[in-house]
Structures are given as structure tokens and as C-alpha cells.
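Take a look at the chain below. This report goes from the whole fold to single residues with unusual backbone angles.

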Amino acid sequence: MSFGYQVLGFGAFPNRTVDYTATYLVVAGAGSGGYFGGGGGGAGGLLTGDADADLTVGEQYTITIGAGGAAGHPGNNGNNSVFSGSGITTVTATAGGRAGDGYSNAPTGNGQNGGSGGGGGQHQDATVSGLNGSGTSGQGNDGGIGLTDNATFRSGGGGGGAGSVGTNSSGSGGSSGAAGNGGSGAASSITGSSVTYAGGGGGGSADNNGNHTGGTASGGGGAGASNSGNGAAGTANTGGGGGGGGVEVNGSNGGSGVVIISVPTSRYTGTTSGSPTVTTFGSNTVMKFTSSGTYTA
């Protein structure tokens with residue numbers, strides 16, 4: 001905690017201005033799901049705390065919301081979310097990694113690293129697994145591995161989430177099985193209600209025999225397609241990974257990020273940009289930014 005002083009005039013005592021602490025949740029944009037039995041997108045990195053977040057009265061603090069990765073062939077990583085300003089340690093949540101495409105060789109068949117790693121897609125060579133992307137320590141987890149057994153079954157691994165790794169795809173063309181599930185997210189009650197953010201996307205299934213299912217997802221992640229369709233998109237402003245696509249279609253977009261800042265109501269100035277949603281919880285005022293903006297302490 002630091003102290004500032006304003007001299008009111010000759011002979012006046014200094015007026016002490018005490019800085020105050022903000023509690024924050026910063027979630028990055030997630031990666032997109034993969035094409036044609038591709039993996040699930042990795043969740044955006046998640047950071048929460050109050051260390052090194054003492055706000056200086058009169059200073060402006062910048063909030064940057066990371067967009068989710070757009071679907072494609074290959075798809076795209078998400079984008080970082082950032083809380084920064086004078087006198088605080090910049091908080092940067094790392095973008096989620098895109099998933100690996102199905103029916104592809106490296107590097108497009110491999111999940112990418114990120115806040116959480118993207119799931120691997122099934123490889124064009126039936127003897128090779130689609131590799132998973134790695135998560136960032138303290139922000140997220142690894143994705144799962146994709147596999148193919150032959151021309152009848154292709155399936156992606158689940159994207160990593162803030163709470164757990166994405167699972168590997170399983171099964172074979174002649175029996176029941178499933179694409180990998182997205183890793184779980186992490187719950188936060190900073191707004192007063194428990195909400196789970198940064199879940200990984202489910203892997204997509206591309207099974208010509210119809211025996212397999214797409215991977216499940218939670219925490220804002222999108223479920224993977226079961227043999228057809230694009231899978232579900234990650235939910236906006238949760239940092240949830242996009243679901244993997246089915247036969248000959250792309251996966252889906254990753255969810256955008258969010259930044260939530262909680263300050264003592266007695267110190268809240270009301271000076272913001274970017275139209276955050278402002279609520280109160282106990283003795284605190286909570287600003288939820290779903291688009292980039294600022295807060296002046």
C-alpha cells in the first residue's frame with residue numbers, strides 16, 4: 001500500500017490520499033476448434049487475485065478484452081486479455097491455443113500452445129496421433145491427443161481448460177468410442193455468484209460408421225460435432241474453447257475473454273469507458289468488462 005500527499009497551502013497539513021486494492025479476474029480469448037474430426041480449442045488463460053493491484057488515485061487503468069479465435073482450416077488462436085496501468089504489475093492472460101485439424105499432417109494437425117492448449121486433430125497418417133498443445137503454468141492446462149484407426153474413424157482430442165486437461169480421443173472404427181472431452185473450467189464468485197470460465201472445447205468426431213460421439217464441454221467451451229456439423233462455438237466472454245468439426249467441416253469459434261474488477265464501494269469513482277456492467281456485492285463495486293475500456297481510480 002502506498003501513500004500520496006497533496007500540500008493544501010503554506011502552513012497546511014498534508015492531505016493523505018490512500019491508494020486502494022482491486023481484486024481481479026482476467027480471462028483471455030479461446031482458440032477455435034479444428035476441421036474434420038479436429039480437436040477442441042484451448043480455453044483462454046485465466047488469472048485471478050489482488051497481489052500487486054494497488055490502484056493509484058487519479059490514475060487511469062486500461063482493460064483489453066481478447067477476442068476468440070476465428071474458425072478456419074486451420075483455425076486460429078485466441079487473443080490476450082490485459083489489465084494494466086501505472087503502479088500495478090500488468091496482468092496478462094494468455095490466449096487459448098487453436099485445435100489441430102483432422103485429416104492433416106503436422107503442423108496443422110497438432111494443437112497449439114496457449115493459456116490452455118488446443119486438442120490434437122486426427123492425423124492423415126493412421127499410424128500417427130495428432131499432438132496436443134501445452135497450457136501455460138498458472139493459467140491453464142494441456143489439450144488431449146487426437147487419433148485415427150483407419151479411414152472409418154477420425155477423432156480429435158479435447159481442448160485444455162483452466163481446471164483440467166482435455167482428454168484424449170478413444171475407441172476404434174468398429175466399436176463405440178468418443179472424441180476427447182474439453183478440460184473443465186474454473187469457478188469464480190467475484191461478482192457474487194459462482195460462474196465457471198475457461199472450459200476447453202470438445203473434440204470433433206468424423207466416423208463414417210456413426211459409432212462415435214463428439215467430445216463434451218463445460219465452462220463456456222463448445223461441444224464437438226458428432227460426425228457432422230461444425231461443433232458449438234465457445235460462449236462469448238467466458239474464454240471457452242470452440243468445438244471440433246465433423247466430416248469435412250470446420251470447427252467453431254473460440255469464446256471471447258472477460259475482465260472483472262472489484263473495488264471497495266467507498267472508493268469507487270464511477271469514471272469508466274467501454275460500458276462495463278457495474279454491480280455491487282457486499283462492500284464492493286464490481287465492474288465487468290466485456291469489451292475493452294478504462295477505469296480511473
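## The chain as a whole

Of the 297 residues in the chain, 51% are buried. Keep in mind that this is a predicted model. Strands number 21 in this chain, and helices number 0. The accessible surface comes to about 11000 Å². Carbon and sulfur atoms account for 48% of that surface.

What about contacts along the sequence? Take the contacts between residues at least 6 apart in sequence. Of these, 52% join residues at least 24 apart.

## Strands around β20

Strand β20 covers residues 284-289. It pairs with β17 and with β19, as the next sentences show. β17 (258-264) runs antiparallel to β20, and 6 bridges join the two. One partner pair here is I261 and M287, the latter in β20.

β19 covers residues 277-281. It also runs antiparallel to β20, with 5 bridges between them. T279 has V286 of β20 as its bridge partner.

How many residues lie between β19 and β20 in their hairpin? There are 2. G282 sits in this turn and has a positive phi of about 60 degrees.

In a regular strand, side chains alternate between the two faces of the sheet.

## Unusual backbone angles

Most residues other than glycine have a negative phi, and most peptide bonds are trans. The table lists two residues with a positive phi and their surroundings.

| Residue | Phi | Loop | Relative accessibility |
|---|---|---|---|
| F36 | near 55 degrees | between β4 (23-27) and β5 (46-49) | 8% |
| N227 | near 80 degrees | between β16 (212-213) and β17 (258-264) | 17% |

Are F36 and N227 buried or exposed? The cut-off for buried is under 20% relative accessible area. F36 has 8% relative accessibility, so F36 counts as buried. N227 has 17%, so N227 counts as buried too. Neither residue is a glycine.

The loop with N227 leads to β17, and β17 is the strand joined to β20 by 6 bridges.

Which peptide bond is cis? The bond that joins H73 and P74 is cis, with omega about 5 degrees. P74 lies in a loop as well, between β7 (60-64) and β8 (81-85).

Note on methods: Residues numbered from 1 in each chain as written. Predicted model: local features only at pLDDT ≥ 70, side-chain atom pairs only at ≥ 80, totals over all residues. Heavy atoms only, no water. Helix = DSSP H or I, 4+ residues; strand = E, 2+ residues; numbered from the N terminus. Buried < 20%, exposed > 50% of the residue type's maximum accessible area, 1.4 Å probe, protein only. Contact = heavy atoms within 4.5 Å. Areas by Shrake-Rupley, 256 points an atom, 1.4 Å probe, with all protein chains shown as cover. Pairing = 2+ DSSP bridges.
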